[in-house]
Each structure stands twice: as structure tokens, then as C-alpha cells.
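This report describes a protein chain for a reader who has not met it before. It starts from a single residue and works outwards to the sheets, the cavity and the chain as a whole.

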Amino acid sequence: MRKNIGVIAAALLAAAALSACGSSTEETTAAATESAAESTEAAESAEAAESEAAEATEAAPAELEELVVGASPAPHAEILEAARAVLEEKGYSLKIVEYTDYVQPNLALDSGDLDANYFQHLPYLEQFNAERGTKLVSAGAIHYEPFGIYAGKTASLDELADGAKVAVPNDATNEARALLLLEAQGLIQLKEGAGLKATKTDIVENPKNLDILEVEAAQVPRSLQDVDIAVINGNYAIEAGLKVSDALAAEAPDSEAATTYGNVVAVQEGKENDPKTAALIEALTSDTVKEFIESTYDGAVVPLF
């Protein structure tokens, strides 16, 4: 009887041992499986994160290089603004610095504060270089702005009285242009050959004894209330809210002035072919800018491309 009890006890102990062994193996296997799964998930997460980071890097835009351009407020700064998106596509961030005179933007360009400027025609640029000793050059002509004769105290050219006051720009190239327009209307006659260098001292006939008043170009529109008529640069006429379609007379598209006074992008000598300059010219002569000019200025600005 005691022997049987011992055998039974031994059997029970063996069964317990086997049961304990089986439980440990299952737990170890489950833990290993779980650990492997976690490792796989971690690897997949890391791979996904790396992929997302790579995609974000590819999608991020490259840093734009700044391009600083001086301009008169209208139409030049407005036209530059129309070219902004095109320049960004070419890798440049446009900074427009506005000037209300014809001297400072050239001085700023000469000193290197600007990459380019856009406000003047070639004859003025060449005159400025001669007078100031600067070395600025045209990188390309963009548009032409017809000069116009606008009514002040007198509503038409036929009504001009003897001794009527006429305001014209006082800088040499623009004064000549104004006088040529007055001559084209039969109001004065200039000395033969005076051409684009004419001043009021070159007037040889003045049937109505017009009193020619030389005024700083930017101030001519403001003088309208004090004079009978004024000959005004296209950009200053636009700024003053004047339309070339309302002018008493304007330069003809085939006139000497039209072919001479295209507004140019100016840069320092030697930088005509720099990447920045090339990008600016390409943007300003794009279809986008041409459409903007033609739809905005009602003939007061004429693209030359």
C-alpha cells in the first residue's frame, strides 16, 4: 500500500514537472514572436519615415536668389510686379525699389545697391553717363511710352492764345522730345538738324509766342493747373491718372521718338549677360508681361517685343 502511494506521488510530481516545462516553452515562444513582430513594425515605421522625409525634401522649393531692381512707380514697378511669378520660376525673388526721380536710381545702380533699374530710355542713360562719369549700359529695351500734350487751362491746341504757357520737361533728352512733338503740331519750328538735342534756344519760329517753361519731369503733371498745356512723359502721365487717349496730341508710333526712346533695363557695364540680367530680360519680355501691358495701359505703354 505504501509502495503504491509512493508510485502515485512520483507520477504526480513527474506530471507537474512536465506541465511546468510545457508552460515555460509556450510563453517563451509567444514572447519571441511578439518581439519579432515589434521589430518588424519598428523597421517598417523607420522606412516609412525615411521615405516621407525624402519626399518632403524633394517637394520643398529651392531657396530663391534675391534680384533687386529700381523703378519708377508706374508703369515700370507695375510691369515688374507682373513679371514676379515668371522670375520665381527662374529661381529669383524680386525686390522692387521705387524712385520718383531720374537721378537716384542710376546712382544706386552705379554704387551696387541695385542689380538693375528700369525707368529710362537709352538717350537719357547715355547723357547721364556723360555727365556723371558712370558706366551703365542697356541690357535690352522693353517698352515705349508715347509723349503726350495735355490740356491745362486751355482745352485745345487751336484755342492757344498768344503768349500761352507751355510746360516741358527740363532734362535735355526729354525736353528735345517735347519740343519735337510741339513742332509736329505746327506750334513751333526748330533749327534744322537740332533733332534729339534740341533746347528752347533752338526754336527759330514761334508764331504764338509760346512761353516755354522748363519744369522737372516729375513735376510737369502738377503744373497743369498753372499752364495752358503741358508735354508729359508717359510714365508721369500714368501716375497722374492721365490717359494718352485723352491727350491733345501724342507721338506717332513711327516717329523718331518712338524708335529712339524705348525704355530699357540698365545694369552696370560688364553685367549685360549675367544670369540675373538674362532672367530679368526674359521675364519682362514674356507673354505674361506683354498681355499685362496691352490689357492695362490703353496705349500709354507699348511693348517693344
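The model is a predicted one. Leu182 is a residue of helix H5. Is Leu182 buried or exposed? With a relative accessibility of 0%, Leu182 counts as buried, because the cut-off for that class is under 20% relative accessible area.

Which residues touch Leu182, once its neighbours within four places in sequence are set aside? The contacts are Ile149, Val166, Val168, Leu187, Ile188, Ile212, Ile229 and Val231. One of these partners, Val166, is 16 residues from Leu182 along the chain, and the C-alpha atoms of the two are 9.7 Å apart.

**The five-stranded sheet**

The helix that holds Leu182 covers residues 172-184 and lies across five strands: E5 (148-151), E6, E9, E10 (229-232) and E11. The angle between H5 and E6 is about 140°. These strands belong to an open sheet with mixed pairing, in the order E9-E6-E10-E5-E11. At its edges are E9 (211-215) and E11 (249-250), each of which pairs on one side only.

Strand E6 spans residues 165-169 and pairs with E9 in the parallel sense, over five bridges. E6 also runs parallel to E10, and two bridges join them. Val166 has a position opposite Ile212 in E9 and another opposite Ile229 in E10. Both Ile212 and Ile229 are also among the contacts of Leu182. Further along, Pro169 has Val215 of E9 as its bridge partner. E6 is mostly covered, with four of its five residues buried.

**The six-stranded sheet**

A second open sheet has six strands in the order E2-E1-E3-E12-E4-E13, again with mixed pairing. Strands E2 (92-98) and E13 (302-303) stand at the edges; each has a single partner strand, so one side of each is left without a neighbour in the sheet.

Within this sheet, E1 (residues 65-71) and E3 (residues 116-121) pair in the parallel sense over three bridges. In one of the pairings, Val69 is matched with Ala116 of E3.

The parallel pairs described for the two sheets are set out below.

| Strand pair | Sense | Bridges |
|---|---|---|
| E1 and E3 | parallel | three bridges |
| E6 and E9 | parallel | five bridges |
| E6 and E10 | parallel | two bridges |

**The cavity**

Rolling a probe the size of a water molecule over the atoms shows where empty space is left. How many cavities of 30 Å³ or more are found? The count comes to one. The largest cavity holds about 100 Å³ of space. Its lining is made up of 14 residues, and those nearest its centre are Tyr102, His121, Asn233, Asn235 and Asn263. The elements that each give two or more residues to this lining are E3, H5 and helix H6 (234-239). E3 gives the most, with three residues. Two elements already met therefore return here: E3 and H5 both give two or more residues to the lining, while E3 also pairs with E1 and H5 lies across the strands listed earlier.

**Backbone details**

Some places in the backbone deserve a separate note. Ala74 and Pro75 are joined by a cis peptide bond, with omega at about 0°. Pro75 is part of helix H2, which covers residues 73-89.

Asn209 is not a glycine, yet its phi is positive, at about 50°. The residue sits in the loop between strand E8 (203-205) and E9. Asn209 is partly exposed, with a relative accessible area of 47%. Asp298, also a residue other than glycine, has a positive phi near 50°. Asp298 is in the loop between helix H9 (287-296) and E13.

**The chain as a whole**

The protein chain contains nine helices and 13 strands. Of its 305 residues, 41% count as buried. Among contacts in the chain with a separation of 6 or more, 76% involve residues 24 or more positions apart. The chain exposes about 16,000 Å², and carbon and sulfur atoms supply 51% of that area.

Technical notes. Residues numbered from 1 in each chain as written. Predicted model: local features only at pLDDT ≥ 70, side-chain atom pairs only at ≥ 80, totals over all residues. Heavy atoms only, no water. Pairing = 2+ DSSP bridges. Buried < 20%, exposed > 50% of the residue type's maximum accessible area, 1.4 Å probe, protein only. Contact = heavy atoms within 4.5 Å. Areas by Shrake-Rupley, 256 points an atom, 1.4 Å probe, with all protein chains shown as cover. Axes fitted to C-alpha atoms, helices over the stretch in contact; angles between N-to-C directions. 1 Å grid on protein atoms, 1.4 Å probe; cavity = no way out; pocket = protein on both sides within 12 Å on 5 of 7 lines; lining within 4 Å. Points joined across faces, edges and corners; volume = space filled by probe spheres on them.
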